[in-house]
Amino acid sequence: MNHRTSRVAAAATAALLGLAVALGGSGSPAAAADPAALTGIILGVGANESQRIVTWYSSADTAQQVQLAPTASLTGGAFPASAATFAAIGGANIATSGGFNRHATLTGLQENTQYSYRVGTEGNWSPVYSFKTQDFEGDYDFLFYGDPQIGSSGDTARDAAGWRDTLDVSLAANPNAELLVSGGDQVETANTESQWDAFLSSDKLRQYPWAATIGNHDVGGKAYEQHLFTPNTDRSAPLYANGNPASNTSGGDYWYIYKDVLFIDLNSNSYATTQGGGGDAAHIAYVTDVINQHGAEAKWKVLVYHHAIYSPADHAKDGDNKTRRVDFPTAFSNLGVDLVLQGHDHSYSRSYEIKNGAKANPAEQPGAADVYPGPGGVLYVTANSASGSKYYDITTPDNSGTSGAGNGADPLNPNNYWYNSVQNQEHVRSYVKVEVRSGQLVVQNLRSGTCAAPNAAVELGKVSWCNNTPAAQPVGSVVDKVTIHPYHGDGQQLQVNVPTAAPGEFGWTIDGYNGLVSLGTAQEHDGEYFAATGKLNPIVVTDTRRTQAPWTVSASVSDFKDAGKTFSGSYLGWTPSILAPGAGAKAGSPVVSSYDDQGQGLSVSRQLGYAEQGHPKGTAQLGAGLDLKIPGSAEKGDYRATLTITALSS
Ligand SMILES: [Fe+2]
């Protein structure tokens, strides 16, 4: 960061500010030398939680910057001498946009801080806007918005009113949401700047970071790239639909990591090499590279792109979507993607857990409140319109099958497509809230409007009905809610070694669903150490062999890691117990944290349970209370470790 300006100078420029903007350089003496009008300011997501990107338009090609300071350090609205500045870069806009674009990346943000910022230059600053950072670790919420598509109803003002209202309603209900994620189609017509002005008219877009996604209505011009600069963006030819980044089109894929979630955002306009770009294969290569390089830095993988491949309405049977529906799912399953966020079909749907292009678990019930993706299960969500500018009605399944490109009916719910657990269309505005929690993702579709205005498509008679009943389904009510409990098969990797084949069987399994073993938040004790406790997922041992040979089940734990931070697995101890007796099972000895005895804790193999020669046949359930005790000097973080379980018998 650069530090510049005295307090007096900053106060003087702040006083001039409103004048310069209000008059647009029409003769204010201070602005006369530099009449750049600064418009379209938007706060964007950065490469991680300690960054933001600010993008704007300027009427003049001048050197500009973003000035930034903790809000608490401003005096009477004046920035302090210690305010940081970040130089902007950018270039000339295309002719139909006019003017120039600028962006700057704000880096080194501190957590739990309210910041104020403005863009421009001395003597010609924008108004002051504000955003806050929160804890850089742990749980958080983000919001996902489908197709604002301002201008789509034919009435830009009405579309913008609905869009602003959804932002207001959703952020009033979720003031601590940390990201606003786009489902694409910010505007109806790619290079129509009046639609961009309307899209950007809410100050919420200067207070919460927007994570842009390119839709089919954004792709046909450069305005999308001019308005919405994104981090880590690959703008190579294969990621443009026509293969030509220099043409009057937008494109590219990008990624960022925000507090344990790796987001990868794709330009799904490019799906077939016949268009001129790299098609879906280029996206799969990109996603594969990003996950291979950065997947271990986050605990969740969320993909975002515009064209829903599992959706319920007008676009469900489109040929291009069928192509993507064949191209993408197996790769996403293999790469361990948890959640895919989509738009384009202006209706809400939540898929079943999809594995390799088919329903992962045929028994998953429609509308299930909890889903348990085994390895390879991916949940796909399609967002309805956030603005009310356009809705598509749900369409009917056909006889094209229940996997791959098929649009057949769900055997459990024949009105729905086979891939959808939930489909909804009420012709009211909504948004999707995602709660990122330790060990689970909670996804909700929430109403941000009713049939009443602002609801442009209903107001203008673009749709003939509106089913919402405000008494039962008011603003803020829940259309759908699902909790994703990911599979942690690699959290308790198990190797059974049975060297002598014997009649009967010896083996063990994790009892029930192998969810994440959470130790919760460690409690600090007088600044000396942190302590946390939990319970092992119970392990069922079955021994029906005639030999009555002794067996033992042991485990050891890896180091605990959170991205680059780590502490030793030796700090974990346990107290084994027999939860259900049988098979002669006895509990192993307690092991204490190395914090207490300077030993090795569970970093070396320890017995969970065992049985001696001659034990009876049967089944036992083994458990253990887990005790973690780590030095107070450990770095803050959300750590994970892998417990490896080994069973041995002779
Ligand atoms: Fe759209």
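The dialogue below goes through a metal site, a pocket and several single residues of a predicted model.

Me: What should I keep in mind about the numbering and the model before reading any feature?
Reply: Residues are numbered from 1 along each chain as its sequence is written, and side-chain values use heavy atoms, with hydrogens and water left out. Because this is a predicted model, local features need pLDDT of at least 70 and side-chain atom pairs count only at pLDDT 80 or more, whereas totals for chains, interfaces and linings use all residues.

Me: Which residues coordinate the iron ion?
Reply: Donors are N, O and S atoms within 2.8 Å of the metal (3.2 Å for Na, K and Ca), and water is not among the atoms, so sites may look incomplete. Here the iron ion is coordinated at 2.1 to 2.3 Å by Asp 147 (OD), Gln 149 (OE1), Asp 185 (OD) and His 346 (NE2), with the sequence spacing D-x1-Q-x35-D-x160-H. Within this set, Gln 149 and His 346 link distant parts of the chain, 197 residues apart: Gln 149 is in the loop between β11 (140-145) and α2 (156-173), and His 346 is in the loop between β18 (339-343) and β19 (348-351). Helices (H or I, at least four residues) and strands (E, at least two) are DSSP runs, numbered from the N terminus.

Me: Why is the arrangement around the iron ion irregular?
Reply: Four donors count as tetrahedral if all angles lie between 85 and 135 degrees; four count as square planar and six as octahedral if opposite donors are over 155 degrees apart and all others between 65 and 115; anything else is irregular. The four donor atoms here subtend angles of 84 to 175 degrees, which makes the arrangement irregular.

Me: Is Thr 213 buried or exposed?
Reply: Buried means under 20% relative accessible area, exposed over 50%, and partly exposed in between (1.4 Å probe, protein chains only). Thr 213, in the loop between β13 (210-211) and α4 (223-227), has 0% relative accessibility and therefore counts as buried. Contact means heavy atoms within 4.5 Å, and, not counting residues up to four places away in sequence, Thr 213 touches several residues, among them the iron donor Asp 185. Of the other donors, Gln 149 and His 346 are buried.

Me: How do two strand residues, Val 66 and Val 478, read by the burial cut-offs?
Reply: Val 66, in strand β4 (residues 65-70), is buried, with a relative accessible area of 0%, and the residues in contact with Val 66 beyond four places in sequence include Trp 56, Phe 86 and Tyr 117. Val 478, in strand β29 (residues 478-484), counts as partly exposed at 41% relative accessibility, and, with the neighbours within four places left aside, is in contact with Gln 444, Asn 445, Leu 446 and Arg 447.

Me: What backbone features are found at Pro 454 and Asn 232?
Reply: The peptide bond from Ala 453 to Pro 454 is cis, with omega near 0 degrees, and Pro 454 lies in the loop between β28 (440-447) and α8 (456-459). Asn 232 is not a glycine, yet has a positive phi of about 45 degrees; with a relative accessible area of 33%, Asn 232 is partly exposed.

Me: How many residues line the second largest pocket?
Reply: On a 1 Å grid over the protein atoms alone, a pocket is an open set of points with protein on both sides within 12 Å along at least five of seven lines, and lining residues have an atom within 4 Å of a point. The second largest pocket is lined by 14 residues, with Glu 49, Ile 257, Asp 260, Glu 297 and Ala 563 nearest its centre.

Technical notes
On a 1 Å grid over the protein atoms alone, a cavity is a set of points where a 1.4 Å probe fits but cannot get out, and a pocket is an open set with protein on both sides within 12 Å along at least five of seven lines; lining residues have an atom within 4 Å of a point.
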